[in-house]
Amino acid sequence: FWASFLTLIAGGIGFAVRGGLLGPWGQQYGFTQFELGEIAGAGLWGFPIAIIGLSFVVDRIGYGKVMALAFSLHVLSAVVTLAATPVYLAVGNKYAAWWCLYVGTWIFSLANGACESVINPLTATLFPRAKTHWLNILHAGWPGGLILGAVIVLGFNGLSALLKQSIPWELQ
């Protein structure tokens, strides 16, 4: 259960940090607000695809396999996202960076949906007589992660101001 709770915290942190990076991405690559909105939106629509699709098969294929898939998707998401700057420099086109950030964010949302497709039935199975109570506790991890992610972003912004230079977004 507590690993599931921490999974939601990590997802919330990742979501908040990506939201905090929209400004630096816009400045570095010259994205419009619309383009940034598309990237941010990619962090939302992969989630329901994964959670609905995997919910039909998670009991048949196993929780461990779905969590391994989620982990693999998170790693792939980081690789694709971090490729934005090298791809941008190699191609010299903001749309190449946009695609890396868009697809990386979408994969991140798929990974979070895969996690949810496991942790909800897992919690219900662990606590059959108090499902609602424990599912409520479980899902408190998401806003907790959003808060921690916002604190991380604010910390990096404060450090940038203190150092009087911007910190590369990749470090965040």
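The following turns go through the helices, contacts and pockets of a predicted model.

User: How are residues numbered, and which pLDDT do local features need?
Analyst: Residues count from 1 along each chain as its sequence is written, and side-chain values use heavy atoms, with hydrogens and water left out. In this predicted model totals for chains, interfaces and linings use all residues, side-chain atom pairs count only at pLDDT 80 or more, and local features need pLDDT of at least 70.

User: How many helices and strands does the protein chain have?
Analyst: Helices (H or I, at least four residues) and strands (E, at least two) are DSSP runs, numbered from the N terminus. From that end the elements run α-α-α-α-α-α-α-α-α. The C-alpha trace spans about 55 × 35 × 25 Å along its principal axes. The secondary structure comes to 9 helices and 0 strands.

User: What percentage of the residues in the protein chain is buried?
Analyst: Buried means under 20% relative accessible area, exposed over 50%, and partly exposed in between, with a 1.4 Å probe and protein chains only. Of the 172 residues in the protein chain, the buried share is 39%.

User: Which residues form a salt bridge, and how far apart are the closest N and O atoms?
Analyst: A salt bridge is a side-chain nitrogen of Lys or Arg within 4 Å of a carboxyl oxygen of Asp or Glu. By this rule the count comes to 1. The partners are Glu 35 and Lys 94, with the closest N and O atoms at 3.0 Å.

User: Where do Glu 35 and Lys 94 lie, and how many residues apart are they?
Analyst: The pair links distant parts of the chain, with Glu 35 in helix H3 (residues 33–55) and Lys 94 in helix H7 (residues 94–126). Glu 35 has a relative accessible area of 8%, so Glu 35 is buried. Lys 94 also counts as buried, because its relative accessibility is 18%. Along the chain they are 59 residues apart.

User: What kind of aromatic pair do Phe 1 and Trp 2 form?
Analyst: Rings of Phe, Tyr and Trp (its six-membered ring) pair if their centres lie within 6.5 Å; planes under 30 degrees apart count as stacked, over 60 as edge-to-face and the rest as tilted. The whole structure holds 13 aromatic pairs. For Phe 1 and Trp 2 the centres are 4.8 Å apart and the planes at 80°, which makes the pair edge-to-face.

User: Is Trp 2 buried or exposed?
Analyst: Phe 1 has 14% relative accessibility and therefore counts as buried. Trp 2 stands at 52%, so Trp 2 counts as exposed.

User: What kind of pair do the rings of Trp 98 and Tyr 102 form?
Analyst: Both residues lie in helix H7, 4 residues apart, about one turn of the helix. Both are buried. Their ring centres are 4.7 Å apart and their planes at 15°, so the pair is stacked.

User: Which residue lies over the face of Phe 108?
Analyst: A charge sits over a ring if NZ of Lys or CZ of Arg is within 6 Å of the ring centre and within 35 degrees of the ring normal. At 4.7 Å from the ring centre of Phe 108, the residue is Arg 18.

User: Which element gives the most to the lining of the largest pocket?
Analyst: On a 1 Å grid over the protein atoms alone, a pocket is an open set of points where a 1.4 Å probe fits, with protein on both sides within 12 Å along at least five of seven lines; lining residues have an atom within 4 Å of a point. The largest pocket is lined by 31 residues, and Arg 18 and Phe 108 are among those nearest its centre. Helix H1 (2–20), H3, helix H5 (63–82) and H7 each give two or more residues to this lining. With 9 residues, the element that gives the most is H1.

User: What is the volume of the second largest pocket?
Analyst: A volume is the space filled by probe spheres set on the grid points, which are joined across faces, edges and corners. The largest pocket holds about 700 Å³ of space. For the second largest pocket the volume is about 170 Å³.
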